[in-house]
Amino acid sequence: MAEAKTSVAHKPVWVDLSTSDAEAARNYYSKLFGWKVEVNPDPQYGGYALAKVAGKDVAGIGPKQSPEGPSAWMVYIGTVDAADTTKKAEAAGGKVVVPLMQVGDQGAMSMVADPSGAVFGIWQSQNMTGAETTGAPNTYGWAELNSRGVEKSIPFYKKLFGWGEKKSDMGQGMGDYTEFLAGGESIAGGMEMNPMVPAEVPSYWMVYFNVEDVDKAFKKATDSGGQEMLAPQEFPGGRFAILQDPQGAMFGLLKMKA
């Protein structure tokens with residue numbers, strides 16, 4: 001289990017959910033992952049809540065800022081200079097979706113769409129460094145880019161964050177799976193979106209959460225009103241499943257092999 005002491009540049013540092021019904025979402029994920037969720041009472045944070053495991057921040061849940069936006073999980077990549085990274089993202093072919101903004105005394109952020117349209121956050125920490133625990137059960141496990149045009153996205157992230165890549169063939173004509181590398185370590189994944197996904201679904205980043213038992217967690221998630229997108233199945237590194245929460249946000253469950 002890793003405990004973040006300082007913000008980590010150019011790696012995923014935080015995940016949060018923007019949802020059409022923040023209260024219902026807080027209840028759903030609290031039951032599913034055993035999270036203790038605390039809403040920030042300060043009105044400047046707009047009802048944003050922190051989810052905790054053993055007293056440590058693991059994720060955020062808040063109401064959607066724009067009514068037409070989807071309920072969705074977002075992954076934030078850490079940087080020491082959000083203004084500079086946002087500028088570089090535009091120069092590399094990205095599009096700024098949410099301009100650079102200060103978040104109280106917590107840090108600074110922006111949101112950017114990569115050249116294939118997948119949106120991610122940029123986070124420069126001040127008082128809030130990001131997830132305080134990762135790798136443990138019921139905490140962030142993995143981020144995965146599902147892209148319509150992954151060949152445009154990979155060079156973008158390489159240019160912006162210096163990410164290396166390690167490719168492996170997924171077999172059965174499914175193309176390559178790319179592991180993004182930072183300092184030689186696999187930090188996220190990416191692949192071309194399955195052609196069977198409906199055309200109206202844009203490129204997106206998927207957030208996976210670690211669980212002790214994928215099948216048990218999957219049953220709990222669907223029994224509580226979640227919808228099956230991909231039933232539990234094996235992959236070379238372990239076992240996973242994909243769901244949609246009751247408000248429509250997609251997320252994954254993950255158990256890596258020891």
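The following exchange asks how terms are applied to a predicted model and on what grounds.

Me: What kind of model is this, and which residues does it admit?
Reply: The model is predicted: local features need pLDDT of at least 70 and side-chain atom pairs count only at pLDDT 80 or more, while totals for chains, interfaces and linings use all residues. Residues are numbered from 1 along each chain as its sequence is written, and side-chain values use heavy atoms, with hydrogens and water left out.

Me: Why is S110 called buried?
Reply: Buried means under 20% relative accessible area, exposed over 50%, and partly exposed in between (1.4 Å probe, protein chains only). S110 has a relative accessible area of 0%, so it is buried. The residue lies in strand β8 (residues 107–113); helices (H or I, at least four residues) and strands (E, at least two) are DSSP runs, numbered from the N terminus.

Me: What makes the pairing of the S110 and T86 side chains a polar contact?
Reply: A polar contact is a pair of N or O atoms within 3.5 Å; within protein, one must be able to donate a hydrogen and the other to accept it, and residues adjacent in sequence count only if both atoms are side-chain atoms. The two side chains make such a contact at 2.8 Å.

Me: Which residues is S110 in contact with, leaving aside its neighbours within four places in sequence?
Reply: Contact means heavy atoms within 4.5 Å. On that basis S110 is in contact with T86, V98, P99, L100, F120, G121 and I122.

Me: Why is V96 called partly exposed?
Reply: Its relative accessibility is 25%, and therefore V96 counts as partly exposed. V96 lies in strand β7 and, beyond its neighbours within four places in sequence, is in contact with T86, E90, M111 and V112.

Me: Why are the buried residues of α2 said to line one face of the helix?
Reply: The buried residues of helix α2 (residues 82–91) are A82, T85, T86 and A89. Seen down the axis of α2, they fall within an arc of 100 degrees, so they line one face; the arc is that of the directions from the helix axis to the C-beta atoms. On the other side of α2, K87 and A91 are exposed. The buried residues pack against β7 (95–103), β8, β9 (119–125) and α3.

Me: What is found at the start of α2 and just after the helix?
Reply: At the start, a side-chain oxygen of D81 reaches to within 3.2 Å of the backbone nitrogen of A83. Just after α2, G93 takes a positive phi of about 105 degrees.

Me: What makes a set of residues a nonpolar core, and which members of the largest one touch the most others?
Reply: A nonpolar core is a set of buried Ala, Val, Leu, Ile, Met, Phe, Trp, Tyr and Cys residues joined through side-chain atoms within 4.5 Å. The largest has 50 residues, of which Y29, W35, W73, F120, W205 and F251 touch the most other members. Helix α3 (residues 150–161) gives the most to this core, with 6 residues. Another core, of 11 residues, lies apart from it and includes V13, Y45, V103 and M109.

Me: Why are β12 and β16 called edge strands?
Reply: Two strands pair if DSSP finds at least two bridges between them. One open sheet of 8 strands has the order β12-β13-β14-β11-β15-β18-β17-β16, with mixed pairing. β12 (164–169) and β16 (227–235) each have a single partner strand, so one side of each is left without a neighbour in the sheet.

Me: How do you know that β17 and β18 pair?
Reply: 7 bridges join β17 (residues 238–244) to β18 (residues 250–256), and the two strands run antiparallel. Q244 stands opposite M250 in β18.

Me: Which strands are the edges of the sheet in the order β3-β4-β5-β2-β6-β9-β8-β7?
Reply: This open sheet also has 8 strands and mixed pairing. Its edge strands are β3 (36–39) and β7, each pairing on one side only. 4 bridges join β3 to β4, which run antiparallel, and E38 stands opposite L50 in β4.

Me: How do the directions of α3 and β9 compare?
Reply: Axes are lines fitted to C-alpha atoms, for helices over the stretch in contact, and angles run from 0 to 180 degrees between N-to-C directions. α3 lies across β6, β8 and β9, running at about 10 degrees to β9.

Me: Why is A54 called exposed, and what is its phi?
Reply: A54 has a relative accessible area of 76% and is therefore exposed. Its phi is positive, about 50 degrees, although A54 is not a glycine.
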